[in-house]
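Hi there,

Here is the structure I promised to pass on. My notes on what turned up in it follow just below, so you can read them with the model open.

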Amino acid sequence: MAPPSNWKLSNKSNRVLTAADKGRYGVIAAIAYNIEHIIGFIQAAEVAKSPIIIQFFPWAVTYSSGLLIRTAADAIARSPLRHHIVLHMDHAQDYGLIKECADQLPFDS
């Protein structure tokens, strides 16, 4: 299935990074290993009023059957900065896992 023709406009990762490019600022990408990291990263972004990319390695999907990812998405959805916090799968190389993540989990990129 082909992505929608306007995917660049609708993709949160692209919007956050495009804004950073235009505003000439960086966006930290931090790897979360547990729920404490998720909470801390979101709280830090809120205090700083800054966008952030929260990344997960593939093991976070397989270890928790996606629960850690869905927990992060729920925490992000509750944040006033939810439109500026990106959920990213990092270093994924297995096609089956990538497809599963794209089809079943709320990753932004």
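**Salt bridges, helix packing and a few single residues**

At 40% relative accessibility, Lys99 counts as partly exposed. Its side chain meets that of Asp103 in a salt bridge, with 2.7 Å from N to O. Asp103 is exposed, at a relative accessible area of 52%. Both residues belong to helix α6, and because they are four residues apart there, about one helical turn separates them. Please keep in mind throughout that this is a predicted model.

**The other salt bridges**

How many salt bridges does the structure hold? There are three, and the Lys99 and Asp103 pair is one of them. In general, side chains of opposite charge can pair when their charged atoms come close.

Another joins Asp108 to Lys12 through their side chains, at 3.8 Å from N to O. This pair ties together distant parts of the chain: Asp108 sits in the segment after α6 (95-104), Lys12 in helix α2 (residues 12-23), and the two are 96 residues apart. Are these two partners buried or exposed? The cut-off for buried is under 20% relative accessible area. Asp108 has 19% relative accessibility and therefore counts as buried. Lys12, with a relative accessible area of 15%, is buried as well.

Then there is Arg78, which forms a salt bridge with Asp74; their closest N and O atoms are 2.8 Å apart. Here Arg78 counts as exposed, at 66% relative accessibility, while Asp74 counts as partly exposed, at 38%.

**Two helices packed together**

Two packed helices are described by the angle between their axes and the distance between the axes. For helix α3 (residues 35-48) and helix α5 (residues 67-77), the angle is about 25 degrees and the axes are 10 Å apart. Angles under 35 degrees count as roughly parallel, so α3 and α5 are roughly parallel to each other. Their crossing is right-handed.

Which residues make the contact? From α3 come Ile35, Ile38 and Ile42, and from α5 come Leu68, Thr71, Ala72, Ala75 and Ile76. By type, the residues of this contact are seven nonpolar, one polar and no charged.

**Positive phi outside glycine**

You may want to look at the backbone in two loops. Lys49 is not a glycine, yet its phi is positive, near 50 degrees. This residue is placed in the loop between α3 and β2 (52-56), and at 70% relative accessibility Lys49 counts as exposed.

His91 is the other residue to look up: its phi is near 60 degrees, again a positive value in a residue other than glycine. His91 lies in the loop between β3 and α6, and is exposed, with a relative accessible area of 55%.

**Around α6 and the start of the chain**

The loop between β3 (85-89) and α6 also holds Asp94. At 48% relative accessibility, Asp94 counts as partly exposed. From Asp94 to Val61 the C-alpha distance is 12 Å, with their positions 33 residues apart in sequence.

Val61 comes up again with Leu97, a residue of helix α6. What does Leu97 touch, once residues up to four places away in sequence are left out? The answer is Pro58, Val61 and Thr62. Leu97 counts as buried, at 11% relative accessibility.

Asn6 lies in the segment before α1 (7-10) and is partly exposed, with a relative accessible area of 40%. Two C-alpha distances help to place this residue. Asn6 and Leu97 are 25 Å apart in space and 91 residues apart in sequence. Asn6 and Ala44 are separated by 31 Å, and lie 38 residues apart along the chain.

**If you open one thing**

I would start with the salt bridge of Asp108 and Lys12, which links distant parts of the chain and has a buried residue at each end. After that, the contact of α3 with α5 is a good next stop, with seven nonpolar residues and no charged ones.

Happy browsing, and best wishes

Definitions and conventions
Residues are numbered from 1 along each chain as its sequence is written. This is a predicted model: local features need pLDDT of at least 70, side-chain atom pairs count only at pLDDT 80 or more; totals for chains, interfaces and linings use all residues. Side-chain values use heavy atoms; hydrogens and water are left out. Axes are lines fitted to C-alpha atoms, for helices over the stretch in contact, and angles run from 0 to 180 degrees between N-to-C directions. Angles under 35 degrees count as roughly parallel, over 145 as roughly antiparallel, 65 to 115 as roughly perpendicular and the rest as oblique. A crossing is left-handed if the near helix is turned anticlockwise from the far one by less than a right angle, and right-handed if clockwise. Contact means heavy atoms within 4.5 Å. Ala, Val, Leu, Ile, Met, Phe, Trp, Tyr, Cys and Pro count as nonpolar, Asp, Glu, Lys and Arg as charged, and the others, Gly among them, as polar. A salt bridge is a side-chain nitrogen of Lys or Arg within 4 Å of a carboxyl oxygen of Asp or Glu. Buried means under 20% relative accessible area, exposed over 50%, partly exposed in between (1.4 Å probe, protein chains only).
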